[in-house]
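Work through the following exercises with the sequence and the model side by side. Each task is followed by a solution that proceeds in steps.

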Amino acid sequence: MIKKISVIVITMFLASLFSFNVDASLVLDYKKELELNDYTQSNISNINKGSLTSDRITLNLPIRNKSDYSLSKIDLVSPHFTYSKEVRGIYINGWVVSNERKIDNLIKEVEESNLNSIVVDLKDVTGRITFSKNQNDISNLFGNGLKELIDKAHKKGIYVIGRLAVFKDPVFAKKNSKYALKYISAIDNETVINSNLWTSPYSKEVWKHNITIAEQAVKLGLDEIQFDYIRFPTLAVNSELIIRLEENRSRTDAIEGFLKFANERLGKYNILISADVFGLTTTAKGDLKIGQDITRLVDYVDYLSPMIYPSHYSAGFYGVDNPDSNPYDIIFESLEDAREKLGDKSYKLRPWLQDFSLRHIYTDKEVKEQIKAVKDNQISSWLLWNPRSVYTISAVKDESKKGMEERWNLQGSELFQKK
């Protein structure tokens with residue numbers, strides 16, 4: 001009687017397993033582990049016919065392909081992709097990053113404010129490669145502190161963007177004149193002049209040079225590459241120089257081609273790509289004759305950063321007599337135009353805002369007005385620019401918060417464990 005009860009219990013147990021679509025081969029493993037001596041397998045071949053035969057009973061089993069039981073792979077989004085949507089950052093120039101005390105102070109200011117990101121120079125407009133001991137060794141750059149800075153920032157939960165000035169590069173232009181931007185003399189419309197400041201946006205060798213630099217930095221753990229000076233130079237109306245263009249390729253074709261190439265080369269690194277553009281690109285039609293047509297470039301970047309500094313707008317723009325002293329109006333109107341231009345791709349807008357003074361002194365009032373104009377356009381990300389990397393932190397502090405550690409509850413660099 002006890003033996004019969006045991007058989008029933010075991011049978012019920014096996015049946016419960018089968019009700020969860022357990023593969024027949026797994027039953028044999030369970031049988032072995034449970035030492036079910038009462039159930040000897042008398043006919044292995046019957047497994048393929050959908051049954052398990054013992055010397056006492058036969059259990060019908062549903063035969064399933066093992067792949068039926070595999071878990072579907074879930075593609076997880078890297079944390080930096082999520083945090084890129086809420087970037088509130090400051091620019092740190094290439095000279096400041098070499099000063100550990102200043103860097104520590106800036107990171108502390110970020111921690112104690114509503115900021116969460118920094119933009120650091122990788123190559124500036126002088127052609128100087130930051131953190132590099134030997135600029136001639138293009139395969140081994142950034143060995144002088146970039147990784148340490150990235151790690152230090154990540155441990156504080158700070159998103160790190162590497163800024164790369166692309167086509168304005170005096171070092172590369174002088175060293176490799178065949179890749180320099182070409183001018184034609186307006187005096188005779190014939191003489192070709194090599195630029196000493198600009199490389200050619202048409203040159204694929206220039207593209208490769210810049211992307212190689214970007215790759216070296218990306219491998220150290222950057223969250224985003226930001227391309228600046230992805231344009232042709234501006235010329236005065238009465239300039240004695242004319243930019244020599246390639247036949248059948250416009251300026252925008254060249255800039256778009258570079259960004260497309262950058263996507264192809266950097267795609268394997270799990271990195272985001274952004275680009276800086278002139279503020280007037282948000283309003284003016286076409287490419288401003290510098291190759292920046294944002295309606296075309298937006299397809300090849302994750303974020304587009306128009307430099308909409310109120311001080312750079314002339315009197316009367318948007319009907320504002322003094323743009324520099326009316327930052328809200330300039331920022332709001334500019335972004336409203338950009339949203340109209342970009343339509344459903346407007347989510348890629350992440351403007352540069354002004355935190356420096358020219359004709360009008362900027363205080364926390366002016367900085368706050370700009371940030372409000374961004375929010376009023378339903379845009380959640382922005383960056384503050386100051387060429388000296390000195391910021392009005394009082395404008396970005398929220399007294400109800402105690403800093404990033406409390407808001408994000410980070411432990412070490414958990415947020416950015418992505419590589």
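**Exercise 1.** Determine in which sense S6 and S9 pair and over how many bridges, and then place both strands in their sheet.

*Solution.* In this predicted model, S6 and S9 are joined by three bridges and run in the antiparallel sense. One residue pair to look for is Ser185, whose bridge partner in S9 is Leu241. The next step is to widen the view to the sheet, which is open and consists of three strands in the order S7-S6-S9, with antiparallel pairing. Strand S9 (241-243) and S7 are the edge strands, since each of them pairs on one side only. As a last step, compare the directions of neighbouring strands, which are turned against each other by 45 degrees on average when direction is ignored.

**Exercise 2.** Describe the hairpin of S6 and S7, and find which residue in it takes a positive phi.

*Solution.* Begin with the strands themselves: S6 covers residues 180-185 and S7 covers residues 192-199, and four bridges link them in the antiparallel sense. Within this pairing, Lys182 has Asn194 of S7 as its bridge partner. Then turn to the connection, where six residues lie between the strands and Asn189 has a positive phi near 55 degrees.

**Exercise 3.** Classify the packing of H10 against H11 from the angle between their axes, and give the make-up of the contact.

*Solution.* Helix H10 (residues 327-342) and helix H11 (residues 364-376) have axes that come within 8 Å and cross at roughly 25 degrees. Angles under 35 degrees count as roughly parallel, and H10 and H11 are therefore roughly parallel to each other. Their crossing is right-handed. H10 contributes Pro327, Tyr328, Ile331, Phe332 and Leu335 to the contact, while the residues from H11 include Glu366, Glu369, Ala373 and Val374. Sorted by class, the contact of H10 with H11 has seven nonpolar residues, one polar residue and four charged ones.

**Exercise 4.** Carry out the analysis for H7 and H8, starting from the angle at which they pack.

*Solution.* The axes of helix H7 (residues 204-218) and helix H8 (residues 251-266) lie 10 Å apart, and the helices pack at an angle of about 40 degrees. This angle makes H7 oblique to H8. The crossing of the two helices is right-handed. Among the contact residues are Trp207, Ile211 and Ala214 of H7, together with Phe258, Phe261 and Leu266 of H8. The contact of H7 with H8 comprises eight nonpolar, three polar and four charged residues.

**Exercise 5.** Decide over which residues the pLDDT is below 50, and say how the coordinates there should be treated.

*Solution.* Start from the whole chain, which averages a pLDDT of 83, with 76% of the residues scoring at least 70. Over residues 13-61, however, the pLDDT is below 50, although the model has 68 contacts for this stretch beyond near neighbours in sequence. Residues 66-74 also stay under 50, with six contacts beyond four places in sequence. Where pLDDT is low, predicted coordinates should not be read in detail.

Terms used:
Residues are numbered from 1 along each chain as its sequence is written. This is a predicted model: local features need pLDDT of at least 70, side-chain atom pairs count only at pLDDT 80 or more; totals for chains, interfaces and linings use all residues. Side-chain values use heavy atoms; hydrogens and water are left out. pLDDT is the predictor's confidence in each residue, from 0 to 100. Contact means heavy atoms within 4.5 Å. Axes are lines fitted to C-alpha atoms, for helices over the stretch in contact, and angles run from 0 to 180 degrees between N-to-C directions. Angles under 35 degrees count as roughly parallel, over 145 as roughly antiparallel, 65 to 115 as roughly perpendicular and the rest as oblique. A crossing is left-handed if the near helix is turned anticlockwise from the far one by less than a right angle, and right-handed if clockwise. Ala, Val, Leu, Ile, Met, Phe, Trp, Tyr, Cys and Pro count as nonpolar, Asp, Glu, Lys and Arg as charged, and the others, Gly among them, as polar. Two strands pair if DSSP finds at least two bridges between them.
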